[in-house]
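Here is a short report on a predicted model. It covers confidence, the nonpolar core and the domain contact.

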Amino acid sequence: MNFVPHDNKTIAEMLNIIGANSLKELFQDIPKDLFIENFNLPSGLSESDLLNQLKELSQKNKVYSSSFLGAGCYYHYIPSLVDFVTSRSEFYTSYTPYQAEASQGYLQAIYEYQTIISRLTQMDIANASMYDGSTALAEAAVMASIITGKNSIILIKGIHPEYEEVVRTYCWGQNINIETEIIENLEDKLNNKVAAILFQNPNFFGDIEDIFKITKIVRDKCPDCLIIQVMTDPTCLGILKPPGDTDIDIFVAEGQSFGINPSFGGPGLGIFTAKQKYLRKMPGRLIGKTKEIEGQKEGFLLTLQAREQHIRREKASSNICTNQALCSLAALVYLLAMGRTGLKEVALQNFQKAHFVKKELSKIHGYEILNKKPTYNEFLVKCPNIKALIKQCKQQNLQPPLDISRYYPEMKNVVLVCVTEMNSKDSIDTFIKIAQSISNDKMEVE
Amino acid sequence: MKSNIPLIFEKGFDGEQQSFVPQMDVDMVDLNEILPENLQRKDLPIPNIPEVDIIRHFINLSLRNYGVDTGIYPLGSCTMKYNPKVNEVVAKLPGFTFIHPLQEESEGCLELLYHLSKLLGELTGMDGFTLQPAAGAHGELVGLLIMKKYFEIKGLKKQKIIVPDSAHGTNPASAKMAGFSIIELKSNEHGEVPLDQLEFAMLEGDIAGIMLTNPNTLGIFDKQIKDITRIVHDNGGLCYYDGANLNPMLGICRPRDMGFDIVHLNLHKTFSTPHGGGGPGSGPIGVVNELIPFLPEPCLISTKQGIACREKNDVSIGRIKAFWGNFGVIIRAYAYILALGAEGLKKVAQIAVLNANYLKVQLQQKYYLPYNRVCQHEFVLSDQGMPNNVTTEDIAKRILDFGIYAPTIYFPLIIPGALMIEPTETESKQSLDYFVEVMNQIYDEAKSNSVLLRNAPHNTPVKRLDAVLAARKPVLHD
């Protein structure tokens, strides 16, 4: 199969107009010894054979009826409108809207995305998107170093471990030093060499911090230091106090929860927001509203491109070019479809259902909830027999919670449980029953 | 006056919002018991809007947007080819979309990633691939971090990267993000890398390597490519291939054989995954054997038990994105390669080059072509000598009036007033002929009625927009 619309006669006609004798002649600049006659690749497939082959491959993956796994990627309900809108090929087959007048539809949509994100987060400005939450956080750290001219960053324990690794990679690239500290030590560790502190809230373990306590410590001790918050499931913002109300300088998040399927972890959506004063140091594309040069109509275009790589080259604020536009469109449609009422409802259900499971588990002998602070839809549980718990969940077609030793080998027999609005009472009851059935098993030898 | 379609936020009502989530079915407690009141938000300034209004809004917006499915999209260096619809179906199979990145039972996903790496390896000649990078520029950063690590481990201080002046803007920006400074090399009169200056630059000693696009942004295949990579290697440097322009090389020749050590690909260009209005993309990085240990985590290998992650090592550059890259994009590229197979991919390159040369030969009759030679997938015109000093921007805006999209403009920077044209292999002769007709008419208009061009576009939803005003007083949301 190929998607070339020419027949041989047309090819001959075109070669004739070009003045070439063969297709091969068009490759005359390539040194002879570079040509390869036969690539070791399979022959092409018809559409039906292709579909069958990929269906078969997809069936090697397990789709569970219900999931207790989160840890940075979440199962939330996606309204049917979302896929309907993002499947409009005027949107998904377009390029970055360089020619504004022929791209008003998408430009307006992304302007609306920037608007709804700044309203949801109460931050001054939002960009058009970054690759994902982890790279958004890493770029925020680099941006803070550029703004302050300092090259030391403090990470507060509780950031998604994969995000932390990404931040380390980016910062190593730019010779920025990183230290990880527990929140209780923050005050001692702050000094005037620190460009930024990074923390996740709700954090990886599920804890919700009182952010004012953090911002107060930082502002008192180190006024120049930027405070950067990351969030992996921003559906909590339906109820939780938004970062813009808590004096955060840069707020980033993974937006996958807003209408994007897990899809093995990508594509997701890097939400990037900041205070107004950092506008010209921000990475990524920005859509602005303007007017016609000769006329009164309003319109939208890519703006402040002097920050970007295609103009500034090595002086750019970042190298980002392609972003996750279609995912920001999905997030916009999701947030609009849910509306104020739906967003509150989702957050409420996540708070309540997770709390319900937490309460039920805490009643079972041998189970201990490790969170001492409020939590959203995730929490840590110490359990008597993690292997049996995971095995039995799978047998009952439930996706088991995360064995946290995957990231923290020292934390044995602890699971990170995630409960969203998608977990029905039935699936919750099954999960609780499984936990009860292995409550009397002996603790594994640590 | 407002924009023609009111912002969605002007809609909204107080009626009952369509309900999407499951009915709440567990016992609730007072919210204040779970979350102290001072941590709760006071208000949520997002409207409730009836579903029908949301849908109409976005359908109307989509009608004001141009995609490959609308018509020719001759944006140079962007490879705007047709996006096969079966790929959309494949990427939306529940066995892919509902898979959690941390779940164990994901053999299908891992096999797909691994097999695609192997296919890309065969097409480029590279020994190992990572599919982690989310876009081309992200791939560039990864490639450069690999260079950085390679020299760091060897105990060598190499702080500079050579980038020709014809390079994509991401190249120098990525080099800077990896902590390098840049030496810019001026292209010679053939649009190629000047060997003598390259040799001279390499003598400086702290050069990590070169970043090169071949065919370059002028659409020219650099005949001396093997000499270039040899000079860099002889002086201890590494050669990086910017794969944005790989399309005309598919099934023809391979970056590895040209002498490259690191290659990035753009799955959203060469391998037909939709650009999505600017993303999501995918920018895999391929390397030679010696550099495989430096690839980012996680890195897949084949074992007796199936596909698995290699054990963590000390020299990997680390993780560059959470989870597994833009998997949804990767599926589409995999499907594309399987559908086309060896013969289909070769045809892609041949016809992409045929189409570009066909357009070039026709358009150079009226327009100025600074580098007049056989091109590969694209070529660059300029507004030099246009009647009545009509500019490239005027030409581009006027093109929009004919219901088609404009080429890349003012890039590459080495040609003042550049119009960079890449038709791709999926445009028919009729479609190309229409583009030529439009361009010829515009040239004639430049002679007879240049005001028409200067005020263009006329048939779009808005006329030419004020970019200066937008940058001076940024309005980024309502």
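A nonpolar core is a set of buried Ala, Val, Leu, Ile, Met, Phe, Trp, Tyr and Cys residues joined through C-beta atoms within 7 Å. The largest such core in this predicted model holds 300 residues. Six of them touch the most other members: Ala141(A), Ala196(A), Ile197(A), Leu198(A), Val333(A) and Leu335(A). Helix α11 of chain B, residues 327-363, gives the most to this core, at 23 residues. In soluble globular proteins, nonpolar side chains tend to be buried together.

Take Leu198(A). Leaving out residues up to four places away in sequence, Leu198(A) touches Leu137(A), Ala141(A), Ile153(A), Leu155(A), Ile156(A), Ile159(A), Val167(A), Ile228(A) and Val230(A).

Next, the domains of chain A. Domain 1 is assigned to 66-72 + 339-437, and domain 2 to 80-335. Their centres, taken over C-alpha atoms, are 29 Å apart. The contact draws 20 residues from domain 1 of chain A and 17 residues from domain 2 of chain A. On the domain 1 side, α11 (325-362) and β12 (378-382) of chain A each supply at least two residues. The largest share of that side is 7 residues, from α11(A). By class, the same side divides as follows.

| Class, domain 1 side (chain A) | Count |
|---|---|
| Nonpolar | 11 residues |
| Polar | 6 residues |
| Charged | 3 residues |

Finally, confidence. Chain B averages a pLDDT of 95, and 99% of its residues score at least 70. For the complex, the predictor gives an ipTM of 0.97 and a pTM of 0.97.

Methods
Residues numbered from 1 in each chain as written. Chains lettered and ligands numbered in written order. Predicted model: local features only at pLDDT ≥ 70, side-chain atom pairs only at ≥ 80, totals over all residues. pLDDT = per-residue confidence, 0-100. Buried ≥ 20, exposed ≤ 12 C-beta atoms within 10 Å, placed from the backbone. Helix = DSSP H or I, 4+ residues; strand = E, 2+ residues; numbered from the N terminus. Contact = placed C-beta atoms within 7 Å. Domains from an automatic or database assignment. Nonpolar A, V, L, I, M, F, W, Y, C, P; charged D, E, K, R; others polar.
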